[in-house]
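Some notes on the ligand site and on two backbone details follow. Please read them next to the model.

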Amino acid sequence: MCGIVGYTGKQRAAPLILEGLKRLEYRGYDSAGIAVPAADGFHVTKKIGRVANLEVETNRHKVAGNYGIGHTRWATHGGVTQENAHPHVSSDGAIVLIHNGVIENYTSIKKFLLGRGYTFKSETDTEALCNLIAYHYAKEPKAAADGESRLLESVRKTLLHVEGTYGIVVMGIDTPGELVCARKGSPLILGIGDGENLVASDVAAIVSRTQNVVYLKDGELARHTPASFSLSTVNEGDIKAVIDQVTWSIADAELGTHAHFMEKEIFEQPTALENTMRGRFSEDGSTAQFGGLNLSAAEFRQIDRFMFCACGTAWHACLVTEHLIERFARVPVEVDYASEFRYRNAPLHSNTLFFVMSQSGETIDTLAALREAKRKGYRVLAVNNVVGSTIAREADGGIYQHVGPEVGVASTKAFTSQLLIGAMMALYIGRMRDMSFSDGAAYVNALKAAPNLVREVLKQAPAIRKIAERFAQYSDMLFLGRLSLFPIALEGALKLKEISYIHAEGYPAAEMKHGPIALISEQCPSVFLVTKGEMFAKVVSSMQEVKARKGLIIAICTEGLELPAGLADELITIPDCDEAVLPIVATIPVQLLSYYIAVIRECDVDKPRNLAKSVTVE
Ligand code: M6R
């Protein structure tokens, strides 16, 4: 959601902060701001809209200073205005701060501060936090007796009175070169450089300067100067920091020759799938193996039920996983929206293994579902792409996706990688139960074929673009599929609506006649995912029902299936493949279709309106 960048070192801070902010825009934005020291306080520049607007303004003033903070805002409290944008400066001018998260008790803090002469200019909860730090800063002696930083102490004292979530970076008027950071529920990563230190809400903002990072944990505070950094907790003194290495480089997060990150990430999928499965098949080639489950085969064998929680696209991946585990391993699986699970107090079977899926590993609802399941005493494993994310750290074990940074807001390569992990889990669990060696070996071969099958479908991109041209101007669309392709219909509808703003709905094809059929007309085309096997004839019947009502049809159909002549207005053929990989292969056309429709409609594909890459507020 909001993005944070801070720098202290020898370089001019503003250009480095602006570069970092640009790399964070994909996480959601509606305004941006920057603060660096000036002769008489802080030089604060804020602009509504893109970081590019802020850059023009910052360059106009030739803002100097070797340390500073910057922010991209995704509004929660208060509208999109310059006043509400961050950084916020305390009314006495002593403190400047950027904040991600929500301060729940800000009204009582504000009341306390109004009574002590502090004033407020914005409608935000953040300004209360900023003024409360200033209140404590004013009371702290300028040179703390025990050598402790005055700024750090005032932040620590403030946080003892704050309820809610925060990732903050703070600068003080009398503490040059110093940044104080704190985290509770909102990600912050410290970048440890050579003669310079950084902080950001996402590794992407700092990886061009250093690959040495410290993932701040909830309740921790950090103090950066150009030459040093230290870690402590809100309640106690210093603690030891663990420095991790980022495994990808800035080139991985760059566009290269592609027009958009979404396009780049769609075309990266064959390689991403290879990376997801690398080293994860047993030597005898009959099952999957996962290094980080922290659960022995014997313990896993005791599990007789699985519960999966996730949001958005990852929730669709859980639905496919449910289908595959139940189909191939014959173990019951339940899937819930993380946002619902966290509040509905669902009764869970005692031998349940809990899974959460999250590309970012920071989605607040998914994190809350994980915590709720752990609180109830369940072991929770995570399927997650971002190494070191909060979910990865709080889970009891899990499976990393290894697909590299996903920058496009619309999830693509992370989704197909989650589908692959789901299929591998079905194999792993199936082989512990009734799946034979030869069935397991055939299944492994089917999974290994997935990257090349995806390559085949990607070759059809120009033809799919032509179909997109025909359908780009409609304002409603239905996506219909059955069994494991029903979640792909949901995913197709989500992809289309989030990046092209066309209203779209996904349904199991047979459910169409229980309501959505009322929408069918020449003005509402349908995308059918046509399944082979016993469902083929039934899906064809649903298509006939659409045709009878003059609805246009795009059919995504496996090779070798013969549709009645004239039934499909447009046909996209995908290679015939095994059931375990069919959802992956069938996903590619819906991604390409949505992508090209959005491009033709001149939508901002990588930064769709109102959306954020990772949803870190409730
Ligand atoms: O990072 P996560 O996988 O937890 O994100 C979950 C959803 O917010 C995400 O999948 C969202 O639906 C995407 N915009 C879909 O393209």
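1. Which polar backbone atom is 3.2 Å from a nitrogen atom of the ligand? The atom belongs to Val409. Such a polar contact is a pair of N or O atoms within 3.5 Å; within protein, one must be able to donate a hydrogen and the other to accept it, and residues adjacent in sequence count only if both atoms are side-chain atoms. The protein buries 91% of the 410 Å² that the ligand exposes when taken alone (Shrake-Rupley areas, 1.4 Å probe; for residues, only the protein chains shown count as cover).

2. The model is predicted: local features need pLDDT of at least 70, side-chain atom pairs count only at pLDDT 80 or more, and totals for chains, interfaces and linings use all residues. Residues are numbered from 1 along each chain as its sequence is written, and side-chain values use heavy atoms, with hydrogens and water left out.

3. Two side chains place a polar atom by an oxygen atom of the ligand: that of Thr363 at 2.5 Å and that of Ser360 at 2.6 Å. Both residues are among those that come nearest, together with Ser358, Gln359 and Glu498, out of 14 around the ligand (a heavy atom within 4 Å).

4. The shell around the ligand divides into 5 nonpolar, 7 polar and 2 charged residues (nonpolar: Ala, Val, Leu, Ile, Met, Phe, Trp, Tyr, Cys, Pro; charged: Asp, Glu, Lys, Arg; polar: the others, Gly among them). At least two shell residues come from each of α9 (312-328) and α16 (486-500) (DSSP runs numbered from the N terminus; helices H or I, at least four residues, strands E, at least two).

5. The ligand lies between domain 2 (256-448) and domain 3 (459-612), because both give residues to its shell (bounds from an automatic or database domain assignment).

6. Two backbone details deserve a look. His86 and Pro87 are joined by a cis peptide bond, with omega about 0°; Pro87 is in the loop between β4 (67-73) and β5 (88-89). Leu483, not a glycine, has a positive phi of about 50° and is found in the loop between β21 (476-481) and α16.
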